[in-house]
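Here is a short walk through a protein model, meant to be read with the structure open beside you. Take a moment to turn the chain around before reading on.

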Amino acid sequence: MKRWIYDFFNLLYPELCIGCESVLTTGENLLCTSCRAHLPLTNFHKTSDEKMRELFYARIDVQHVTSLFYYEKIGGSAADDSSIEIS
Ligand SMILES: [Zn+2]
């Protein structure tokens with residue numbers, strides 16, 4: 001799509017950040033820069049991958065595993081054991 005058509009359409013129906021619902025600027029996709037900067041980084045790439053390996057133990061066979069951000073599933077039932085919280 002031509003850039004000016006996209007920009008005009010974006011004036012009428014702006015894309016909103018899924019984190020804070022502010023209007024996204026050019027180059028932002030789904031999350032605004034502020035929300036992206038406040039996501040909690042795991043820094044697992046700087047340390048051992050043992051925490052992540054424990055999560056997948058006996059579920060799937062992995063060679064290497066890491067996570068860039070912490071993840072917490074919201075809205076799952078108490079019986080749902082698929083949510084993963086790393087602390
Ligand atoms: Zn945001």
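What percentage of the 87 residues in the protein chain do buried residues make up?

## Overall picture

Buried residues make up 1% of the 87 residues in the protein chain. Please keep in mind as you browse that this is a predicted model.

The protein chain has 3 helices and 0 strands, and its elements run α-α-α from the N terminus on. Helix H1 covers residues 3-12, while H2 spans 33-38 and H3 spans 50-56. Among the contacts in the protein chain with a separation of 6 or more, 24% join residues 24 or more positions apart.

## How far to trust it

The mean pLDDT of the protein chain is 81, and 85% of its residues reach 70 or more. Looking at the elements, H2 has the highest confidence, at a mean of 94, and H3 the lowest, at 81.

The end of the chain asks for some care. Over residues 78-87, pLDDT stays under 50, and the model has 9 contacts beyond four places in sequence for this stretch. Where pLDDT is low, the predicted coordinates should not be read in detail.

## Where the H2-H3 loop meets the later segment

A good place to zoom in is Leu-41, which lies in the loop between H2 and H3. Leaving aside residues up to four places away in sequence, Leu-41 touches Leu-68 and Phe-69. The C-alpha atoms of Leu-41 and Ser-67 are 8.5 Å apart, although 26 residues separate them along the chain. Is Leu-41 buried or exposed? Leu-41 counts as exposed because it has 11 C-beta neighbours inside 10 Å, and the cut-off for exposed is 12 or fewer.

Now look from the other side. Leu-68 is in the segment after H3, and its contacts, again not counting residues up to four places away, are with Leu-41 and Thr-42. Leu-68 also has 11 C-beta neighbours inside 10 Å, so it counts as exposed. From C-alpha to C-alpha, Leu-68 and His-45 are 7.8 Å apart in space, with their positions 23 residues apart in sequence.

Asn-43 adds another view of this region. Asn-43 sits in the loop between helix H2 and helix H3, and its C-alpha atom is 9.0 Å from that of Thr-66, 23 residues away along the chain. With 10 other C-beta atoms within 10 Å, Asn-43 is exposed.

## Two residues with positive phi

Most residues other than glycine have a negative phi. Which residues here have a positive phi without being glycine? Leu-30 is one of them, with phi near 70°. Leu-30 is found in the loop between helix H1 and H2. Leu-30 is exposed because 12 other C-beta atoms lie within 10 Å, a count that still fits the limit of 12 or fewer.

Ala-58 likewise has a positive phi, of about 70°, although it is not a glycine. You will find Ala-58 in the segment after H3. Why is Ala-58 classed as exposed? Ala-58 has 6 other C-beta atoms within 10 Å, so it is exposed.

Notes. Residues numbered from 1 in each chain as written. Predicted model: local features only at pLDDT ≥ 70, side-chain atom pairs only at ≥ 80, totals over all residues. Helix = DSSP H or I, 4+ residues; strand = E, 2+ residues; numbered from the N terminus. Buried ≥ 20, exposed ≤ 12 C-beta atoms within 10 Å, placed from the backbone. Contact = placed C-beta atoms within 7 Å. pLDDT = per-residue confidence, 0-100.
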